[in-house]
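User: Could you take a close look at one part of this model for me, the strand pairing, and then work outwards from there? I'd like a connected walk-through rather than a list.

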Amino acid sequence: MSKIEAGMAGSVWKILVKEGDEVKAGQEVVILESMKMEIPVSVEADGTVTKVLVQEGDFVNDTDVLLEVE
């Protein structure tokens, strides 16, 4: 299982996947918003989203886990 982490502090602007979705390496799964910039977060390997740990509007810190992919 891999944990998809925030690369920087910011607000969760959009969640692009839900639990059970198949994802491909490089696919954007969450978009963070920080200082009026949109920062996409991508998965590094193919897999299935097993858990979404944040909701749109949540504030996250650097290295907070956003999703789990198996």
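Analyst: Start at Lys-14, which sits opposite Ile-31 in β4. Keep in mind that this is a predicted model. That pair belongs to the contact between β2 and β4 (residues 28-34), where four bridges hold an antiparallel arrangement. On the β7 side, β2 covers residues 10-15 and is joined to β7 by two bridges, again running antiparallel. One of the residues involved there is Gly-10, whose bridge partner in β7 is Val-60.

Put those pairings together and you get an open sheet of four strands, ordered β5-β4-β2-β7, with antiparallel pairing. The edges belong to β5 (37-42) and β7 (59-60); each has a single partner strand, so one side of each is left without a neighbour in the sheet. As a bit of background, strands of a sheet pair through backbone hydrogen bonds, and they can do so in parallel or antiparallel fashion.

Now go to the turn-off between β4 and β5, because that loop is where you find Met-35, and its relative accessibility of 67% makes it count as exposed. The backbone is worth a click as well: Met-35 has a positive phi of about 50°, even though it is not a glycine. There is a second residue of that kind to check, Thr-63, with a phi near 75°, also positive and also in a residue other than glycine. Thr-63 belongs to the loop between β7 and β8. Its relative accessible area is 47%, so Thr-63 is classed as partly exposed.

Past that loop comes β8 (residues 65-69), and here the pairing moves on to other strands. Three bridges tie β8 to β6, with the two running antiparallel. If you want a pair to look at, take Val-49, whose bridge partner in β8 is Val-69. Strand β6 covers residues 47-52 and also takes β3 (residues 22-23) as an antiparallel partner, through two bridges. In that pairing, Val-23 stands opposite Gly-47 of β6.

Val-23 turns up again if you look at the loop between β5 and β6, where Asp-46 is found. Leaving out residues up to four places away in sequence, Asp-46 touches Val-23, Lys-24 and Ala-25. You can also gauge that spot by distance: Asp-46 and Gly-26 are 20 residues apart in sequence but 8.4 Å apart in space, C-alpha to C-alpha.

Lys-18 gives you another view of β6. This lysine lies in the loop between β2 and β3, and with a relative accessible area of 55% it is exposed. Exposed or not, Lys-18 is in contact with Val-49 and Val-52, once neighbours within four places in sequence are set aside. The distance to Ser-34 tells another story: Lys-18 and Ser-34 are 16 residues apart in sequence and 22 Å apart in space, C-alpha to C-alpha.

Zooming out, the protein chain has zero helices and eight strands. Its radius of gyration is 11 Å, close to the 11 Å that the globule rule gives for 70 residues, so the chain is as compact as a globular protein of that length. In terms of extent, the C-alpha trace spans about 30 × 20 × 20 Å along its principal axes. Of the 70 residues, 33% count as buried. For contacts between residues at least 6 apart in sequence, 54% join residues at least 24 apart.

As for the surface, the chain exposes about 4,300 Å², and carbon and sulfur atoms supply 48% of that. On the charge side, there are 6 positive and 15 negative side chains, and the centres of the two sets lie 4 Å apart.

Technical notes:
Residues numbered from 1 in each chain as written. Predicted model: local features only at pLDDT ≥ 70, side-chain atom pairs only at ≥ 80, totals over all residues. Heavy atoms only, no water. Pairing = 2+ DSSP bridges. Rg over C-alpha atoms; globule rule 2.2 N^0.38 Å. Buried < 20%, exposed > 50% of the residue type's maximum accessible area, 1.4 Å probe, protein only. Contact = heavy atoms within 4.5 Å. Areas by Shrake-Rupley, 256 points an atom, 1.4 Å probe, with all protein chains shown as cover. Lys, Arg positive; Asp, Glu negative; His and termini not counted. Charge placed at Lys NZ, Arg CZ, Asp CG, Glu CD.
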